[in-house]
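Work through these exercises with the model open beside you. Try each task before you read its solution.

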Amino acid sequence: MTFQEGLNQLDKANKIITDANKLITDVNLNTFLFTLSWWAALAMLLVPWILWAFFRKKESSARLLFAAFITMIISTTIDGLGVDFGKWAYPVKVIPIPTISYSFRYGTVPVAIMLLIQFKPNINPIVKAVLFGGFGAFIGMPIMAMLHLYKKIDWAYTYSFFILVSLYLIAHWFSRRSSFEKIVKE
């Protein structure tokens, strides 16, 4: 295949992707909008942030938000790869953009991690990570599947457990950087 033939093949592939994205958006807007599953996804996006606004330690907000943003970046990347490689899908979405679930990745996961980091800070982070991973992978994701917010294709909840544990531990590590203390002291 020549370089130009490769570019032509990519143009065809991008057309297929664009058509599929339009179909996904159309189905979400015309079939799933305002269903119970859609409302559950909306709640997963908004309610965690509302709770965090009330229960956060204001003096720790920047540190916790930094950990949340790291979580969002990593989980969004992993999520995109998982969907792109056909490991899982998100049928019903609040924001009808193909690929990731904003409700899960931008609401539930980062806020849960921030709250876990904030409360009982002296508990071993590995214990918190295992509890977070276990609850998320073996309780939260099956509930999401029942609501058609998540669909396993070629995946096991055990893999999600290890990803969620790792996400928590990475966020915890970033939240403990001494640079946050230096900023406060200056």
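**Exercise 1. Find the volume of the largest cavity, then describe its lining.**

Step 1. The largest cavity holds about 70 Å³ of space. A cavity is a set of points on a 1 Å grid over the protein atoms alone where a 1.4 Å probe fits but cannot get out. Grid points are joined across faces, edges and corners, and the volume is the space filled by probe spheres set on the points. The model is predicted: local features need pLDDT of at least 70, side-chain atom pairs count only at pLDDT 80 or more, and totals for chains, interfaces and linings use all residues. Residues are numbered from 1 along each chain as its sequence is written, and side-chain values use heavy atoms, with hydrogens and water left out.

Step 2. List the lining residues, which have an atom within 4 Å of a point. They are Trp88, Tyr90, Phe104, Arg105, Met141, Tyr150, Trp155, Ser160, Ile163 and Leu164.

Step 3. Look for the elements involved. Helices α4 (102-118) and α6 (157-175) each give two or more residues to this lining. The largest share, three residues, comes from α6. Helices (H or I, at least four residues) and strands (E, at least two) are DSSP runs, numbered from the N terminus.

Step 4. Sort the lining by class. Eight residues are nonpolar, one is polar and one is charged. Here Ala, Val, Leu, Ile, Met, Phe, Trp, Tyr, Cys and Pro count as nonpolar, Asp, Glu, Lys and Arg as charged, and the others, Gly among them, as polar.

**Exercise 2. Do the same for the second largest cavity.**

Step 1. Its volume is about 40 Å³.

Step 2. Its lining consists of Ala41, Met44, Val92, Lys93, Val94, Ser101, Ser103, Met144 and Leu149. Six of these are nonpolar, two polar and one charged.

Step 3. Follow one lining residue, Leu149. Setting aside residues up to four places away in sequence, Leu149 touches Ser37, Ala40, Ala41, Met44, Ala89, Tyr90, Pro91, Val92 and Met144. Contact means heavy atoms within 4.5 Å.

**Exercise 3. How many residues are in the largest nonpolar core?**

Step 1. Count 35 residues. Such a core is a set of buried Ala, Val, Leu, Ile, Met, Phe, Trp, Tyr and Cys residues joined through side-chain atoms within 4.5 Å.

Step 2. Pick out the residues with the most contacts inside this core, including Phe104, Met144, Leu149 and Tyr150. The elements giving two or more residues to the core are α2 (36-55), α3 (61-84), α4, α5 (125-146) and α6.

**Exercise 4. Is methionine 72 buried or exposed?**

Step 1. Locate Met72 in helix α3.

Step 2. Met72 counts as buried because its relative accessibility is 12%. Buried means under 20% relative accessible area, exposed over 50%, partly exposed in between (1.4 Å probe, protein chains only).

Step 3. Find its partners. Apart from neighbours within four places in sequence, Met72 is in contact with Trp49, Arg105, Tyr106 and Pro110. The C-alpha atoms of Met72 and Pro110 are separated by 6.5 Å, although the two are 38 residues apart along the chain.

**Exercise 5. Which loops hold Phe34 and Lys120?**

Step 1. Phe34 lies in the loop between α1 (3-32) and α2. Lys120 sits in the loop between α4 and α5.

Step 2. Check phi. Most residues other than glycine have a negative phi. Phe34 has a positive phi of about 70°, and Lys120 has a positive phi of about 50°.

Step 3. Check exposure. Phe34 is exposed at 53% relative accessible area. Lys120 is exposed at 61%.

Note on methods
On a 1 Å grid over the protein atoms alone, a cavity is a set of points where a 1.4 Å probe fits but cannot get out, and a pocket is an open set with protein on both sides within 12 Å along at least five of seven lines; lining residues have an atom within 4 Å of a point.
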